[in-house]
Amino acid sequence: MSRTLNGSRDPNAPWYHLDPLVALAAVALAGLGIASIYSATRGTDPLDYNTFYLERQTMFVVIGIGMGTVAALIDYQRLRMLSPFLYALSIVLLIAVLSPLGSEVNGAQAWFNFAGFGIQPSEFAKLAVIVMLANYLSRFDGDLNLRQLAVALAIPAFPMLLILQQPDVGTILVFIAIIMGMLWIGGARLSHISLMTVTGIAMLAAVLKSPLLADYQRDRLTVFYDGDITDAGAGFNQGQAQIAIGNGGFSGKGYGLGDQTRSGLVPEQETDFIFTVIGEELGFIGSMLVLGLFGLLIWRIWRAAQLAKDSFGTLICVGILAMILFQMFESIGMTAGMMPVTGIPLPFISFGGSSSLVSFIAIGLVMNVRMRRWQ
Amino acid sequence: MASVRDSQAFRLNLVGIVALSLFVALFARLYSLQVLHEEQFQAAAVSNTNRTLSTEAPRGRILDSDGRILVDNKSTLVVFVDNFVLADQLNSRQDREQLALRLATALSDNGVLTKVSSILRELEDAKYGPFDKIPIASGVTEEFKVWLKERDFQFPGVEIETESIRFYPYGAAASHVLGYIGPINQDELELRTTSAKAYQPADEIGKAGVEAAFEEVLRGVPGSQEIIVDAKNRIVGYGDILSPQPGSDIQLTIDIDLQIEVEEELKNQLEARRLERDNNKLTGDNSFFVAPAGAAVVLDPNGSQILAMASYPAYDQREFIGGISAAQFDALTDKDAHAPLNNRVIQGLYAPGSTFKPFTAFAAMNSGLMSDRGELTQYSELFDPGFFTLPGCDGGKCEFQNAQRTEYGLVDLRRALTVSSDVYFYRLAWFFEISPSVRSAALQDGVRAFGFGRRTGVPLAYEVAGLVPDAELKAARHEDIPEVFTEGNWFAGDTLNTAIGQGDMGVTPLQLANAYATLANGGTLYSPNIAKTAIDPATREIEIDYQPRALAEIYLPPEIRDPLIDGLAGVTTQEGGTAVIAFETYPHDLLSVAGKTGTSEKFGKQDFALFAGFGPVENPEYVVVMVLEEAGFGSESAAPGVRNIFQALATDSIPIREPIDLDYLNAPVIVGIDATGNELALNADPTP
């Protein structure tokens, strides 16, 4: 069997099993993202539009596609060996970001400022944990005993504890989604999963009542079930986001013509609330386009998980699926008022280097797994 | 191994189902927001970002019956402070104080005296919105504008703009008719929240006279400019512009020449009277007459159109331009200064005295007490020895007398009116009291038919209703405030006083004129009109034609009306008529006048003089009423005043008045300012 990529006549060759749809969906979403970011950030002076965000995000997407390609080309089996190093590196970075080396934005000590770019180690930690956990879980025959489960939980626990120090509740929630998805596929027993769910909910309640969370975080989480969206404060943001989406109506206000978007009434509109730009300017049609592209993406990742030649590949795909699915659901759901407000970027669309790179690398990994199903 | 893959495949399917359900949830939510509730959110978005700035439309003008402009608009330079700049750059009290000090100094140096404290008060007034411009002073010069422009860094937010203000070509003339405008207050604003011509808190509104009564017509439709703002209230875009539409012009029934003539006559009569002494045999103490105030009104009895309406003391409506100080306003409403702001024609309440007698006579004939076939007819002669003693009187006032206790001998109704025999009417009143065939309030019912005791309905604010006393009212008043109204029982003396227009009888000069108009026109009681038409300012088309408003038709057959008219005609012409001396040199052949003098007593004051007349007697065109407070006999002061007015009308010698304000000739005639600040000179010529 040839291990080269250009063995196109070989039905088992990687190139033969390349999934163009998953790449297409990702690039299309990134294109929509760039357009939305420009609309949200160009300002109101037609003679002097701000193109900073447009240029930055375009660069991120280009670099992301490049890194995703690299991630697709290197046989994912090598990640088994690499995973402890990636995991250790992410732990070191998460510790370093809490030191004076890191900087604080919006109340979270989550960024490295490097040559004018902000690097968010918690984003990369998600991928490191997925690979590490996939590596560990794939050793068992789809049935985890309590000790194995405890080790499996310990792997994400360290980075999660560090991220909680920043604190970045949104990323913690993404981790929980990843763990649940991977343990489920990795063979955790139903009784254990039930117990974990119950304990998790109890812990969440305890955390909400405890002084571990900053006031603004508690507000953002609780406004969802007891807040008045027309009020100023936490509920105000979500209210403005919903007005923006509703204002778009069926066909949208037109690109660059959203009242709420132009008025700057929706906060963090180029990052966490990016979906409001699409909702307002492109309307229900635009919303459905985004949902459709994500649907395509998730379906292809799910299919890659199904077709993977080993548990390691399946688990990597499921971890990535859980990550993207949860981030999408939370980010869109929060702007639409059906989920609490947390700072989670919408994959491929939100402005941000780390998030964009991680999303494309993740898709590269999924393609990697699928390509090598017969090798 | 197969079992592992099988169970994993099953679990992966479940993951797919979870993913699918999440997509369905998002779809449902977005469908609800963007398709089902689209309109609700679009409305929310609009109110979120769109603000409407209002520009006040020019008010309609007020024209006289010939179309001459009585109230116009003219442009003036107004100094504003932009509230947005104020909030943005001068947010400390200290900054604002400095600006106010600099501005007050600069304005005062340039002749517009302004206080620092009054500027500060305006700057901090909550009624101004974030985009409003706060008016500080008006009437600054073009030079000042240039001076300020050169120093605009010292005066952040200060702007000078052209604004439209009220302008009065005839100066202070007709002040009570025209009224004035002023900034709308909270109560007025709340009453008009649903008005089609929406009001902003700093808008002007008519406060008195025609300006207030025809507010709905005069006010234009404000223009608006939609602006789109961001979360920090910065303007990010502009929406629809709606140009303001000027209000409609009002053409009055008032003739400005006659109006000024009547005002001057009223003033002259009062001033002349102050040089004479009160030598009434019974009540006078030979001191000079005070003659502090009075009222005069001229009506066309056919439809009751008000041709002139004067009240003394008057005020100058120009004082209200650009705001009036509290001290100035207090002086205008001061009772000791006879409240110049009051329009005595509709707000003054006077005992009509003998001018009331025709209506008492009508009540007698109307009730059947006096008829051409009964025991007491219009032609029955009663003996007048100069006094009347109440039969069976046992205490209190028992003897009632004529003025000066003059003895008139045998008088019938006509003669009793001509010579003004009180005794004749005392006897009539006594018959009302004792006659079993008439109802107890027959006298009051008869006079109320002529509109006494209720508002005439003239479209002017603050009109009072007047008072026709009766037993019921007297008892009710006593019950309410026994300390003031010590007596609750109705006595024969009360009927006697009512019959000659004394006691508690209270009429406004307009009510009296309107009652005479009803008598003169053959029995139609109208609600007086002061406006003829409302006119579109651009097309000059008539928008509203104010037709005469008939309220009631009074049965006045010749046997009732003729003796009254004859008796009143005799007043100015017959031997012994109370106004014969006043009308001695009057050209009766040009415009014959019938009328009645009146002298009403007021406790603690000199007598009030009244005269009510109409002419020509055969086919009346004018009713003139004059009331002079504390001026003695009606025959001596009010009658000459009315005579002079009739004489001017008869000889057609009323001078044509020219606009007195020379400024008016130089000022550009504009009817308004459009949204962009350009002046609109729609039609300089007001005559159609």
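User: Before we start, what does "buried" mean here in terms of relative accessible area?
Analyst: Happy to help, and do keep in mind that this is a predicted model. The scale has three classes: exposed is over 50%, and partly exposed lies in between. Buried means a relative accessible area under 20%.

User: Then is B:R166 buried or exposed?
Analyst: B:R166 sits in strand β5 (residues 158–167) of chain B. Its relative accessibility is 3%, and the cut-off for buried is under 20%. Therefore B:R166 counts as buried.

User: Which residue does the side chain of B:R166 meet in a salt bridge?
Analyst: Side chains of opposite charge can pair when their charged atoms come close. The partner here lies in helix α9 (residues 209–213) of chain B, 45 residues apart from B:R166. That partner is buried, at 0% relative accessibility. The N to O distance is 2.9 Å, and the partner is B:E211.

User: How many residues apart in sequence are the parts that A:R370 and A:D19 tie together?
Analyst: These two side chains meet in a salt bridge of 3.7 Å, N to O. A:R370 is buried at 15% relative accessibility, and A:D19 is buried at 5%. A:R370 belongs to helix α13 (residues 353–371) of chain A and A:D19 to the segment before α1 (20–41) of chain A, so the parts they tie together are apart in sequence by 351 residues.

User: In the salt bridge of B:R448 and B:D470, is B:R448 buried or partly exposed?
Analyst: The two side chains meet at 2.9 Å, N to O. B:D470 is buried, with a relative accessible area of 12%. B:R448 has 27% relative accessibility, so B:R448 counts as partly exposed.

User: Which residue shares a polar contact with the side chain of A:T171?
Analyst: A:T171 lies in helix α6 (residues 169–186) of chain A and is buried, with a relative accessible area of 5%. Leaving aside neighbours within four places in sequence, A:T171 is in contact with A:S122, A:K126 and A:I163. The polar contact between side chains spans 2.6 Å, and the partner is A:D168.

User: Which are the edge strands of the open sheet in chain B?
Analyst: Five strands make up this sheet, in the order β12-β11-β23-β22-β21, with antiparallel pairing. An edge strand here pairs on one side only, and the two are β12 (305–312) and β21 (594–600).

User: Which helix packs on that sheet?
Analyst: The helix touches β11 (294–300), β12 and β23 of chain B. Its direction makes about 35° with that of β12(B). It covers residues 256–273 of chain B and is helix α11.

Definitions and conventions: Residues are numbered from 1 along each chain as its sequence is written. Chains are lettered from A and ligands numbered from 1 in the order in which they are written. This is a predicted model: local features need pLDDT of at least 70, side-chain atom pairs count only at pLDDT 80 or more; totals for chains, interfaces and linings use all residues. Side-chain values use heavy atoms; hydrogens and water are left out. Two strands pair if DSSP finds at least two bridges between them. Helices (H or I, at least four residues) and strands (E, at least two) are DSSP runs, numbered from the N terminus. Contact means heavy atoms within 4.5 Å. Axes are lines fitted to C-alpha atoms, for helices over the stretch in contact, and angles run from 0 to 180 degrees between N-to-C directions. Buried means under 20% relative accessible area, exposed over 50%, partly exposed in between (1.4 Å probe, protein chains only). A polar contact is a pair of N or O atoms within 3.5 Å; within protein, one must be able to donate a hydrogen and the other to accept it, and residues adjacent in sequence count only if both atoms are side-chain atoms. A salt bridge is a side-chain nitrogen of Lys or Arg within 4 Å of a carboxyl oxygen of Asp or Glu.
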